[in-house]
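Student: I'd like a close look at just one part of this protein, taken slowly. Could you pick one helix and walk me through what it packs against and what empty space lies around it?

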Amino acid sequence: MKKIWLIFSSIMLLSFAVLVWVGTEIYQKQPPIPDKVIVQETGEVLFTKDDIQTGQNVWESIGGMEMGSIWGHGSYVAPDWSADWIHKEAIYILNNWSEKEFAKEYEQLPAVDQRILQVKLRAAIKTNTYNSSTKEITISRLRLAAIQKNMNYYAALFKNGNAKYAMQKGVLTDKSKLFQLNAFLFWTSWAASTDRPDQDYTYTSNWPHEPLIGNTLTNDSMIWSGFSVILLILFIGILTFYYLKTHEGEEGIAKPTADPMKSFKLVPSQKAVLKYYIVISLLIALQVVLGAITVHYTVEGQGFFGFELSKFLPYVVTRTWHTQLAVFWIAATWLATGLFLAPIVSGKEMKVHIYGINFLFVALLIIVLGSMAGEWLGVHQFFDLTTNFFFGHQGYEYVDLGRFWQILLGVGLVLWMIMVGRHVVYGIRKNDDSKHLLIILLISVMAIGMFFFSGLVYGENSSLPVINYWRWWLVHLWVEGFFEVFATVVIAFIFFKLEIISVKTASFTAITSACIFLSGGLLVRYIICIFLEHQYKLLLLVPHLVL
């Protein structure tokens, strides 16, 4: 077990070291937000930094990732707004040149003339005009015309809605908010279409795909992605070989002489957990209903079998609730499991444990219902932008609930960590044979309680790359990493108590599974890599080397 613990510790140190290093890269090399966007020929100021940042808050308030996507993150019924903006802008400029030079629309030109104009377009769009001294982006008068046409299109789209995109009528009606939203959409498209300084790929590594401006998959992306898949398969094979080699000839556990469950009796606190599972079942049922409505919106757009449901419950709200309920009921299930198993781990019913269970249950109901109501109010623009951030809709998939509800949930998780953790600590002191298994259980309990707070690191006006970085911590590390570790350890503990496997096998499985989950999950992949330069090659490589 010493070797296994050494491997586990090494993986944790390496993984978090890389994750922190990536974080510093994100902060230092994120696309700049200019103080001004000005027209080169006239000096006219089109957008300011405040317009762009406020526009991001506006985008968040209307549902953000739940209505279309930015840089590939979000819903796919409406377009990816950055991709859509880039394409429309490119077509406008190409048509303008084509009419002047050939008296035809771009699509009517022969392929050779189209390619000539595309080369000219790539030079115009991908050339980085950001001045780091003045913190200004300059654009040509022609590009200004293209941007203004896009602004008119998106203002009408978000004001009038669109059944094809499942957008309700009156998403936004305030002219200033529509202008600020357009400023933000311009900036996201600029970052995705402008080359990094001294590089031949954009701030988002040529994402989204747009061949008109040369946004195509880079050779390095293909090579290193393929290489990482090969390494993944290779190291899974090495791990399997190691396990079989070290366990060759090992005796299986003896068949129990009596039913291990026969002497099991529920204590009062375990009975109190039953109501959690009733509510969890209701949440699952509600998620299924909302999922059916959300899917139907992709067919009928703004209605539900002829009834214009989007007036009261638009697609962006049903999708928000549907995705968020998944996190709620999954998290609640594992939290309830921890509370139920705690007396079994310690072998005793501890004081005030049942009161904590009842308190957390009430808190769970308040958070679920309060956040859902806040999201509905936020999307319908009942809040100002700051109030929306705290009580309404944050705009990010799986992290939609307002910051106030996030903080309440974080406090509840800390309380849960203390309640379950003290039982596990007592069990570690009492049971020497299962010490290793209970230690990894304690680590997973502490990780669930503490790493949720990564979602509180970014603020209302943080940039999109920074928010996506910390959102990755919460969604992919907290939910998909530590909850999976907790699940595996709990299952190993249950199998050990049922005498299906030995405590040695349970401990070995729990710790090595933690290594697999966290080495594959901790290190940053696509979401973060698109904001970096060629360092992303290493980030694709390391997780599988560690695995």
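Tutor: Let's follow one helix, its partner, and the spaces that it helps to line.

Keep in mind as we go that this is a predicted model. Our helix is α10, which covers residues 315-346. Its partner is α13, residues 403-430. Two packed helices are described by the angle between their axes and the distance between the axes. For α10 and α13, the angle is about 30° and the axes are 9 Å apart. Angles under 35 degrees count as roughly parallel, and α10 and α13 are therefore roughly parallel to each other. Their crossing is left-handed.

So who touches whom? On the α10 side, the residues in contact include Phe 328, Trp 334, Leu 335, Gly 338 and Leu 339. Over on α13, they meet a set that includes Leu 409, Leu 413, Trp 416, Met 419 and Val 420. Sorted by class, this contact has 14 nonpolar residues, four polar ones and one charged one. Lys 430 of α13 is among the residues in the contact.

Now for the gaps. Rolling a probe the size of a water molecule over the atoms shows where empty space is left. Across the whole structure, the search turns up five cavities of 30 Å³ or more. The largest of them has a volume of about 190 Å³. It has 15 lining residues, and those closest to its centre are Leu 335, Leu 360, Leu 364, Leu 409 and Leu 413. You've met some of these names already: Leu 335 in α10, and Leu 409 and Leu 413 in α13, belong to the helix contact. The helices α10, α11 (353-379) and α13 each give at least two residues to this lining. By class, the lining has 14 nonpolar residues, one polar and no charged.

Next comes the second largest cavity, with about 110 Å³ of space. Here α10 turns up again, since the elements giving two or more residues to the lining are α10, β8 (399-401) and α15 (464-497). The biggest share comes from α15, with four residues. Among the lining residues are Gln 324, Val 327, Phe 328, Leu 409 and Trp 478. Look at Phe 328 and Leu 409 again: Phe 328 of α10 and Leu 409 of α13 are also listed in the helix contact. The class count is eleven nonpolar, one polar and no charged.

Last, there's a space of another kind: a pocket. The largest pocket has a volume of about 450 Å³. Its lining takes in 18 residues, and Pro 260, Phe 264, Lys 265, Ile 344 and Lys 497 lie nearest its centre. Both α10 and α15 supply at least two residues each, with α10 giving the most, four residues. This lining divides into eleven nonpolar, three polar and four charged residues. Compare that with the linings of the two cavities, where the charged count is none for the largest and none for the second largest.

To pull it together, α10 packs against α13, helps line the largest cavity, adds to the lining of the second largest cavity, and gives the most residues to the largest pocket.

Key
Residues numbered from 1 in each chain as written. Predicted model: local features only at pLDDT ≥ 70, side-chain atom pairs only at ≥ 80, totals over all residues. Heavy atoms only, no water. Axes fitted to C-alpha atoms, helices over the stretch in contact; angles between N-to-C directions. Parallel < 35°, antiparallel > 145°, perpendicular 65-115°, else oblique. Left-handed = near helix turned anticlockwise from the far one by under 90°. Contact = heavy atoms within 4.5 Å. Nonpolar A, V, L, I, M, F, W, Y, C, P; charged D, E, K, R; others polar. 1 Å grid on protein atoms, 1.4 Å probe; cavity = no way out; pocket = protein on both sides within 12 Å on 5 of 7 lines; lining within 4 Å. Points joined across faces, edges and corners; volume = space filled by probe spheres on them.
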